[in-house]
Amino acid sequence: MADEPTGKVIFVGAGPGAADLLTFRAARAIAEADVVIWAASLVQAEVLDHAREGAEILDSAAMSLEDVVAVYERAAEEGLKVARIHSGDPALWGGTQEQLDRCRAVGIATEVIPGVSSFSAVAALAQRELTIPEVAQSVILTRLGGGKTPMPPGEEVREFARHGTTMAVFLSAARSGQLVRELLEGGYPTSTPVVVAYQATWPEELVVTCTIGTLEETVKEHKLWKHTLFLVGPALDAQGTRSHLYHPGHFHGYRKADPAARKALRAATREARRATAPEATPETRNEGVTQ
């Protein structure tokens, strides 16, 4: 019978920077670790306050993937617990999958603890909801092509921009001119609002608003080229809409609808659908008719 895997690697989402945005589960994982691997350039040093005395602390900035895997191999052999701290959420641009694959090859147990992504942190700093009723009900998370990692076909910013919804664009400040061109080519108007955030939740954070038309000059004015996130889309300055969830005409398992409000809500919904429906054609008029 094969030996049971020993040791464990826990991938910890540390959030966008501020140490107090760690989850309780993340703080506990760091506190219990024999080895802590963290990215000093992306995570505030205060996260290490949770590490126990005597824990081995390694900065991943000076380590290759092979160096990190060597630590995992040692942890498997010696039964050590490793906390691998990643900025933001490990599911987004964290390089975690390649590490998880190698952990399985090594035969060491793994766990992933989610973290606060920088896009949600920036929305909180800007005090904006990204999914506004009747304006935007989707959020696209992407990055500009042409960087170190090629973009798959069809995932260019201009293609996503055609949806006209909210976009969070990562890792693109160094090519702001290209970003503006692709956003406009995709169909956003130049007046579309943008939130530009540098080092969100760090002491030196900068959060400014502009439009696609002034995005490039805003980036250059503040000399931004890394650690910058863009939120783009009409939801960022939308006003006057209302969610159905708390409408008196909406009902669910815990609340009954007011009959008059329910009637008015249904009428308004029908009118909104008519206003946004494509113009009828002979073909669409016959849809649903049994021949």
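**Sheet packing, pocket lining and long-range contacts in a predicted model**

Helix 7, spanning residues 212–221, lies across strand 8, strand 9 and strand 10, and runs at about 140° to strand 9. The structure described here is a predicted model. In this model the protein has nine helices and ten strands. Of the 291 residues in the protein, buried residues make up 41%. Among the contacts with a separation of 6 or more, 67% are accounted for by residues 24 or more positions apart.

The strands crossed by helix 7, namely strand 8, strand 9 and strand 10, belong to an open sheet of five strands in the order 6-7-10-8-9, with mixed pairing. Its edges are formed by strand 6 (139–143) and strand 9 (206–211), each of which pairs on one side only. From one strand to the next, the twist averages 20°. Helix 4, which covers residues 118–126, also packs on this sheet. This helix touches strand 6, strand 7, strand 8 (193–198), strand 9 and strand 10, and the direction of helix 4 makes about 65° with that of strand 10.

Within the sheet, strand 7 (residues 166–170) and strand 10 (residues 228–232) run antiparallel and are joined by three bridges. In this pair, Val169 of the protein stands opposite Phe230 in strand 10. In general, the strands of a sheet pair through backbone hydrogen bonds, in either a parallel or an antiparallel arrangement.

Parallel pairing is found around strand 1. This strand, residues 8–13, is mostly covered, with five of its six residues buried. Six bridges join strand 1 to strand 4 in a parallel arrangement, and Lys8 stands opposite Lys81 in strand 4. Strand 1 also pairs with strand 5 (residues 109–113), again in the parallel sense, over five bridges. Here Ile10 stands opposite Glu111 in strand 5.

The largest pocket has a volume of about 1,600 Å³. The pocket is lined by 47 residues, of which Leu42, Ser87, Trp93, Leu171 and His227 are the closest to its centre. Two or more lining residues are given by each of helix 2 (65–78), strand 4 (81–86), helix 3 (96–106), helix 4 and strand 10. Strand 4 gives the most to this lining, with three residues. Strand 4 is thus named both among the contributors to the pocket and as a parallel partner of strand 1. Likewise, helix 4 and strand 10 contribute to the lining, and helix 4 touches strand 10 where the helix packs on the sheet. Classified by residue type, the lining of the largest pocket comprises 23 nonpolar, 17 polar and seven charged residues.

Beyond the sheet, Ala238 is found in the loop between strand 10 and helix 8 (259–276). Because its relative accessible area is 16%, which is under the 20% cut-off, Ala238 counts as buried. Leaving aside residues up to four places away in sequence, Ala238 touches Arg128, Ile132 and Val135. The pair Ala238 and Glu129 shows a separation of 109 residues in sequence and a C-alpha to C-alpha distance of 9.5 Å in space.

Conventions. Residues are numbered from 1 along each chain as its sequence is written. This is a predicted model: local features need pLDDT of at least 70, side-chain atom pairs count only at pLDDT 80 or more; totals for chains, interfaces and linings use all residues. Side-chain values use heavy atoms; hydrogens and water are left out. Two strands pair if DSSP finds at least two bridges between them. Helices (H or I, at least four residues) and strands (E, at least two) are DSSP runs, numbered from the N terminus. Axes are lines fitted to C-alpha atoms, for helices over the stretch in contact, and angles run from 0 to 180 degrees between N-to-C directions. Contact means heavy atoms within 4.5 Å. On a 1 Å grid over the protein atoms alone, a cavity is a set of points where a 1.4 Å probe fits but cannot get out, and a pocket is an open set with protein on both sides within 12 Å along at least five of seven lines; lining residues have an atom within 4 Å of a point. Grid points are joined across faces, edges and corners, and a volume is the space filled by probe spheres set on the points. Ala, Val, Leu, Ile, Met, Phe, Trp, Tyr, Cys and Pro count as nonpolar, Asp, Glu, Lys and Arg as charged, and the others, Gly among them, as polar. Buried means under 20% relative accessible area, exposed over 50%, partly exposed in between (1.4 Å probe, protein chains only).
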